[in-house]
Amino acid sequence: MIYLNKRELFSKLPSVDEVLNQEDIKNTLEEYPRNLVIECIRKVIDRKRKEIIDIKDDKNNINLDLNNIIKDIKNEINISYALSLKKVINATGTVLHTNLGRSLLSESIKEELWNSASRYSNLEYNIEKGQRGSRYDHLADTIKRLTNAEDVLVVNNNAAAVLLVLSTLAKDGEVIVSRGELVEVGGSFRIPSIMELSGTKLLEVGATNKTHLKDYEEAISEDTKAIMKVHTSNYRILGFTESVDIDELSILSKKHNIPVIEDLGSGVFIDLSKYGLSYEPTVLDSLRKGADIVTFSGDKMLGGPQAGIIVGKKEYIDKMKKNQLTRALRVDKLTICALESTLRTYLDEEKAIKEIPTLRMLTYKIDELEEKANDLLNKIKELKIDAKVCVEDGLSQVGGGSMPLETIKSKVVAITPNNMNVSTLERRLRLSNAHIIARVYENKYILDVRTIFEDEYDLIINELKNIFK
Ligand SMILES: *Cc1c(COP(=O)(O)O)cnc(C)c1O
């Protein structure tokens, strides 16, 4: 075998123009922007040049075949042009995975969502009167029907909802909050910081584990603009604890003529304890017990798009609608459409549990999961890969800062490769085209079928086939 020296190798590298004139690349130019193609050609040629520079002895096996270089370039173009935000397979079993897009929308709203995205709509137009309308009107009827609230306002997310509520009702005044409820959610939402931002002064009462009604009562002064209760959905203080329920706070606040606000975090419309999950206060309960304003997320347990929903007394919500902040925090038509269609599903509880992916995944029965896991197991077994594969008991999580202590019994497929590190398997499946995100536990690669869609099984099978071939 004859090896070329470095100078000879450099002279074999094609120029950008040479590559551009290749038939294969000319075709590529019809599909992809010229600048991007040139950038990728340069990148691949540069990479080859560096490989030549790095050659340590006179023996080398650098492939400078033009066809091979063109293949690399086309690959580079594909990677560069792909969207950064892409589909992944969530095999972690965490239903509301904050890092993986939180809640998922139902397939059944696909057409309505696309219509409102690609065609004109009556977003801010009153068709009957032939004049300007309000974007918020589209959601009002459904939400009122579901919650019996007097009025509704929807903003970008629940953090924005809390900000708007405080800024409207309590600016330049004090808001009383129990010390046990000063939560941080998702590392970025802190009640004290939101209070500061809204121009209200936080008055903490009680101790971390215990707050009594009289703590609130003694703190009320002429500067008090509201009492706020925060549902500590992402952590829980256990043991010797006491907090004051919203109905008692409501009586107290009425006596002093100030509003009581409840931040529910993960708003639910259905009592999920019926389906084997622990009880979370519903929006309806909170309003019935006397909360004047309730805020919650659209994309936690509710299972809709990212949004912050504010429900409650009309007199307060009217003020919020007039706040300039509302304009800055306003939701777009896609959110309104996705939320309205998701909420409409709730008018029939059984349908909601079946059709809304978040609720469906949270309420799977264990034998349904076992069947799902066995289906996946059988498909993997057909591959005859060099690994031990079996179905095991597992634990899924609700996630999204909801029900912190809640783990739900699940069924998982566990893979232990015989001739590969399990972390190598994890990395290769994560970096594969299917982008499978899963846990490794006790030297096993764990696929929790709760959050895997059945139509994703073949993608998983394909990637396993590639890796174990
Ligand atoms: C999640 C949560 C928030 C923040 O909601 P986003 O929709 O993520 O902005 C605020 N308060 C509580 C209690 C929460 O659980």
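In the UniProt record, an unreviewed entry, Lys-300 is listed under "modified residue: N6-(pyridoxal phosphate)lysine", and this residue makes a convenient starting point for a walk through the structure. What you see is a predicted model, and the descriptions that follow should be read with that in mind. Lys-300 is found in the loop between E12 and E13. Is Lys-300 buried or exposed? Its relative accessibility is 5%, and because a residue under 20% relative accessible area is called buried, Lys-300 counts as buried.

Before following the two strands on either side of that loop, it helps to take in the whole chain. The protein contains 20 helices and 18 strands, and its C-alpha atoms fill a box of roughly 95 × 55 × 45 Å along the principal axes. Of its 469 residues, 49% count as buried. If one takes the contacts between residues at least 6 apart in sequence, 74% of them join residues that are at least 24 apart. The chain is divided into domain 1, which covers 2–81, domain 2, which is made of 89–98 + 364–468, and domain 3, which covers 107–355. The centres of domain 2 and domain 3, taken over C-alpha atoms, are separated by 35 Å.

Now back to the strands beside Lys-300. Strand E12, residues 293–297, and strand E13, residues 308–312, pair in the antiparallel sense over five bridges, and within this pairing Thr-295 stands opposite Ile-310 of E13. Both strands belong to an open sheet of seven strands, in which the order is E5-E13-E12-E11-E10-E6-E9 and the pairing is mixed. Strand E5 (151–155) and strand E9 (201–205) stand at the edges with a single partner strand each, so one side of each has no neighbour in the sheet. On average, and with direction ignored, neighbouring strands of this sheet are turned by 25 degrees against each other. Helices also meet the sheet: helix H7, residues 137–147, packs on it and touches E5 and E13, with a direction that makes about 120 degrees with that of E5. Helix H13, residues 314–322, lies across E5, E12 and E13 and runs at about 35 degrees to E5.

Further along the sheet is strand E6, residues 174–178, which has partners on two sides. With E9, strand E6 pairs in the parallel sense over five bridges, while four bridges join E6 to strand E10, residues 224–230, and these two also run parallel. Glu-174 illustrates both pairings, since its bridge partner in E9 is Lys-201 and its bridge partner in E10 is Thr-224. How many of the five residues of E6 are buried? The count is five of five, and the strand is accordingly described as mostly covered. Both faces of E6 are covered, for Glu-174, Ile-176 and Ser-178 on one side are buried, and so are Val-175 and Val-177 on the other.

Aromatic side chains add another kind of link. A search of the whole structure finds three aromatic pairs. In one of them, the ring centres of Phe-269 and Phe-296 are 5.8 Å apart and the planes stand at 80 degrees, so the pair is edge-to-face. Phe-269 lies in the loop between strand E11 (260–266) and helix H12 (283–288), whereas Phe-296 lies in strand E12, so the pair ties together parts that are 27 residues apart in sequence. Phe-269 also pairs with Tyr-346: their ring centres are 5.4 Å apart and their planes are at 85 degrees, so this pair too is edge-to-face. Because Tyr-346 lies in the loop between helix H15 (333–345) and helix H16 (349–355), while Phe-269 lies in the loop between E11 and H12, the pair ties together parts that are 77 residues apart in sequence. Phe-269, Phe-296 and Tyr-346 form one aromatic cluster. Both Phe-269 and Phe-296 are buried, and Tyr-346, with a relative accessible area of 7%, is buried as well.

Two further stretches carry names from the unreviewed UniProt entry. The annotation "domain: L-seryl-tRNA selenium transferase N-terminal" covers residues 10–49, a span that is 82% helix and 0% strand and whose end C-alpha atoms lie 7 Å apart. The annotation "coiled-coil region" covers residues 359–386; that span is 79% helix and 0% strand, and its end C-alpha atoms lie 37 Å apart.

Notes. Residues numbered from 1 in each chain as written. Predicted model: local features only at pLDDT ≥ 70, side-chain atom pairs only at ≥ 80, totals over all residues. Heavy atoms only, no water. Domains from an automatic or database assignment. Pairing = 2+ DSSP bridges. Axes fitted to C-alpha atoms, helices over the stretch in contact; angles between N-to-C directions. Contact = heavy atoms within 4.5 Å. UniProt positions renumbered as here; feature names shortened; annotations may be inferred. Phe/Tyr/Trp six-rings, centres within 6.5 Å; stacked < 30°, edge-to-face > 60°. Buried < 20%, exposed > 50% of the residue type's maximum accessible area, 1.4 Å probe, protein only.
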